[in-house]
Amino acid sequence: MTLRNVGDLPVLPLPESFALTAAYNDDQFPNKVNLGQGVYRDNNCQPWVLPSVREAEETLHNQQVNHEYLPIAGDSKFLTKARQLLFGPQIASSAENISSLQTVAGTGANHLAALFCARNLCPKNVFISDPTWDNHHLIWEMAAPNVTQRLYPYYDPTTRGLNLDGMLAELESSAEDNDVVILHACAHNPTGIDPTREQWKKIAQVVRRKKLFVVFDCAYQGFASGNADADAWAIREFYSMLFTEELSSSSSSTPAGMFVCQSLSKNFGLYGERIGALHLIIPPWTSPEGAKAHLVQLVRAEISCPSLFGARIVHTVLDDAELCTKWQEDVRIMALRIKTVRALLKSELEKIGARGDWSHIEQQIGMFSFTGLSIAQVQELRERHHIYMLSNGRMSLSGLNETNVAYVAGAIRDVL
Ligand code: PMP
């Protein structure tokens, strides 16, 4: 056998959002603007520690907590609260068919879901929205190399809206039993376009008919509407439509299960703490014990057990009624600020006569705007105007404020 020399390995490019941040940090231009990374920024375009989170930090500091290992599945008190946040108190308290594990943020949840599916569900295909968060592709390539990645139509550039017919037709015609479909629960990244409630119901019907295994990716709960419950509507609806007792008589038409990957990075501003959860939902007439044991084994091999701090913060906030109300207000503030800069950017573009219809900027929801700018225009924005955004035209809106919006709008008009 030939000895492999790892020194010969080619250098790989950094993922675009990280490369952009590095380039932005190196840029000495005083009016540079970072619209690349999907992180919330306050009115001064600075990182924002949520006041509710700051208060929880102080509480924990005063409690003189220890630093012992957590169980492999994570902090059970955190998991109870995270489950309630996602499913609402009613489903969460009565659902024995939901198994939850703490994960290394939303990315870890996606990765664990992909690993589990590859080993235990053995789907032929995983259907991924076109476009999507770029890491979905990498995660499935690494964790599930034998599963074929297929794109389903999602964004329609002509209407700048959802291509629901194309999406459903692709799933109807190409998906096989046990195939996986990844759905963004709310505030779709990168398009900012979510299905309406009626459209979600149609998607759920196809999922049920085709017995697809849904992996819901929920990274922006609260960012779409400013209300965490409203943003979890699709997940709760799928739960009710696919996994409740009343369906047991028609069990043959129910998928084997569904995952929800929950990130608490954005809605708690805990980006670097890497806190999230993976929830597995299975039909109530089947047993969760085996699947849970397999998930636990995968976690054991990968991280042994998850980390403490983020779990403690989230639990401290959600377990205290007053602090929880403050956190809800913090989420509302973040969502509202992004909505406000949407309107600002649109009106500024219109005011200076930038060519085209900019109404989509205000109609899209969540952290991003899928601007419709071309790769060449994005590149020009960066090279000539020091404005950084993803080459697919995705703009992270929290990098805008009243001070820089006119500069950005002027630069956009310039590159059109
Ligand atoms: N899913 C989507 C769609 C995302 O946009 C992100 C963050 N960019 C994640 C998952 C993962 O977030 P994190 O690992 O930081 O919690």
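Begin by selecting C218 in strand β8, whose bridge partner in strand β9 is Q262; helices (H or I, at least four residues) and strands (E, at least two) are DSSP runs, numbered from the N terminus. The model is a predicted one, in which local features need pLDDT of at least 70 and side-chain atom pairs count only at pLDDT 80 or more, while totals for chains, interfaces and linings use all residues. Residues are numbered from 1 along each chain as its sequence is written.

Next, extend the selection to β9, residues 258-263, which runs parallel to β8 and is joined to β8 by five bridges; two strands pair if DSSP finds at least two bridges between them. Then select β7, residues 180-184, which is also parallel to β8 and linked to β8 through five bridges, with L183 standing opposite F216.

Now add helix α7, residues 197-210, which together with β7 and β8 makes a right-handed β-α-β unit, meaning that, with the strands pointing away from the viewer, the path from the first strand over the helix to the second runs clockwise.

Return to β8, residues 213-218, where six of the six residues are buried, that is, 20 or more other C-beta atoms, placed from the backbone, lie within 10 Å of the residue's own. F213, V215 and D217 cover one side, and V214, F216 and C218 the other.

Finally, select the ligand, whose surrounding residues (C-beta atom, placed from the backbone, within 6 Å) include D217, H184 and S263. Helix α4, residues 105-121, gives the largest share of this shell, three residues.

Key
Buried ≥ 20, exposed ≤ 12 C-beta atoms within 10 Å, placed from the backbone.
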